[in-house]
Amino acid sequence: QVQVAESGGGLVQPGGSLRLSCAASGRTFVDYRMGWYRQAPGKEREFVASISWFTSFTSYTDSVKGRFAISLDTAKKTVYLQMNSLKPEDTAVYYCAAGRIGAQSYDYWGQGTQVTVSS
């Protein structure tokens, strides 16, 4: 059974940093991409970043470029999202997802972890 599980959320002050982790299990993911999405209160879920398991090719939404970094530890089957220079508008529930490369949607989703940026 495939599972993805996020951890590392919390409360941080504006300008601070936080690292989210996503542990994947249940299959090999060599033909998958891993993504981070977020959903703020009253807003739709939006794409944040993704990384290809095999090539480590990354992609980011414009609002986080230069501040967030996605990375992958294949031995630990864990994806990370390093978030720096956090802003109040980054406040959201962050979700990890796994999907086959080439597919339009992600197959597996975690439960989410809350990130709150506030002074």
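In the predicted model, Arg38 counts as buried because its relative accessibility is 5%, under the 20% cut-off. This buried arginine takes part in two of the salt bridges described here, one with Glu46, in which the closest N and O atoms are 2.6 Å apart, and another with Asp90, for which the N to O distance is 2.9 Å. The pairing of Asp90 with Arg38 links distant parts of the chain, since Asp90 belongs to the loop between β8 (78-83) and β9 whereas Arg38 belongs to strand β4, with the two positions 52 residues apart in the numbering. Asp90 is itself buried, with a relative accessible area of 1%, while Glu46, at 34% relative accessibility, counts as partly exposed. Side chains of opposite charge can pair when their charged atoms come close. Arg38, Glu46 and Asp90 are joined by Arg67 in a network of salt bridges.

The count of salt bridges in the structure comes to six. One of them is formed by the side chains of Asp62 and Lys65, which meet at 3.0 Å, N to O. Asp62 counts as exposed because its relative accessibility, 62%, is over the 50% cut-off, in contrast to Asp90, which is buried at 1%.

Aromatic side chains supply a further set of contacts, with seven aromatic pairs in the structure. In one of these, Tyr37 and Tyr106 are arranged edge-to-face, with 5.5 Å from centre to centre and 80 degrees between the planes. This pair also links distant parts of the chain, as Tyr37 lies in strand β4 (residues 32-39) and Tyr106 lies in the loop between β9 (92-100) and β10 (108-109), 69 residues apart. Both Tyr37 and Tyr106 are buried, the relative accessibility of Tyr106 being 10%. Tyr106 forms an edge-to-face pair with Trp109 as well, at 6.0 Å centre to centre and with 65 degrees between the planes; Trp109, at 29% relative accessibility, counts as partly exposed. The face of Tyr106 is in addition covered by a charged residue, as Arg33 lies over it at 4.2 Å from the ring centre. A similar arrangement is found at Tyr95, where the charged end of Arg45 sits over the ring, 5.8 Å from its centre. Elsewhere, Phe29, Tyr32, Trp53 and Tyr108 form one aromatic cluster.

With respect to secondary structure, the protein contains eleven strands and zero helices, so that its pattern along the sequence reads β-β-β-β-β-β-β-β-β-β-β. The radius of gyration is 13 Å, close to the 14 Å given by the globule rule for 119 residues, and the protein is therefore as compact as a globular protein of that length. Along the principal axes, the C-alpha trace spans about 40 × 25 × 25 Å. Among contacts in the protein with a separation of 6 or more, 55% are accounted for by residues 24 or more positions apart. Of the 119 residues, 42% count as buried, and the protein exposes about 6300 Å², of which carbon and sulfur atoms supply 47%.

Ser21, in strand β3 (residues 18-25), offers a local view of such packing. Its relative accessible area is 17%, and Ser21 is therefore classed as buried, the cut-off being under 20%. When neighbours within four places in sequence are left aside, Ser21 is in contact with Ala5, Glu6, Ser7, Trp36, Thr78, Val79 and Tyr80.

Two residues in loops were also examined for their backbone angles. Lys77, placed in the loop between β7 (68-73) and β8, has a phi near 50 degrees, a positive value in a residue other than glycine. Ser85, placed in the loop between β8 and β9, likewise has a positive phi near 50 degrees although this residue is not glycine. Lys77 counts as partly exposed at 28% relative accessibility, and Ser85 is partly exposed with a relative accessible area of 41%.

Conventions. Residues numbered from 1 in each chain as written. Predicted model: local features only at pLDDT ≥ 70, side-chain atom pairs only at ≥ 80, totals over all residues. Heavy atoms only, no water. Phe/Tyr/Trp six-rings, centres within 6.5 Å; stacked < 30°, edge-to-face > 60°. Helix = DSSP H or I, 4+ residues; strand = E, 2+ residues; numbered from the N terminus. Buried < 20%, exposed > 50% of the residue type's maximum accessible area, 1.4 Å probe, protein only. Lys NZ or Arg CZ within 6 Å of the ring centre and 35° of its normal. Rg over C-alpha atoms; globule rule 2.2 N^0.38 Å. Contact = heavy atoms within 4.5 Å. Areas by Shrake-Rupley, 256 points an atom, 1.4 Å probe, with all protein chains shown as cover. Salt bridge = Lys/Arg side-chain N within 4 Å of Asp/Glu carboxyl O.
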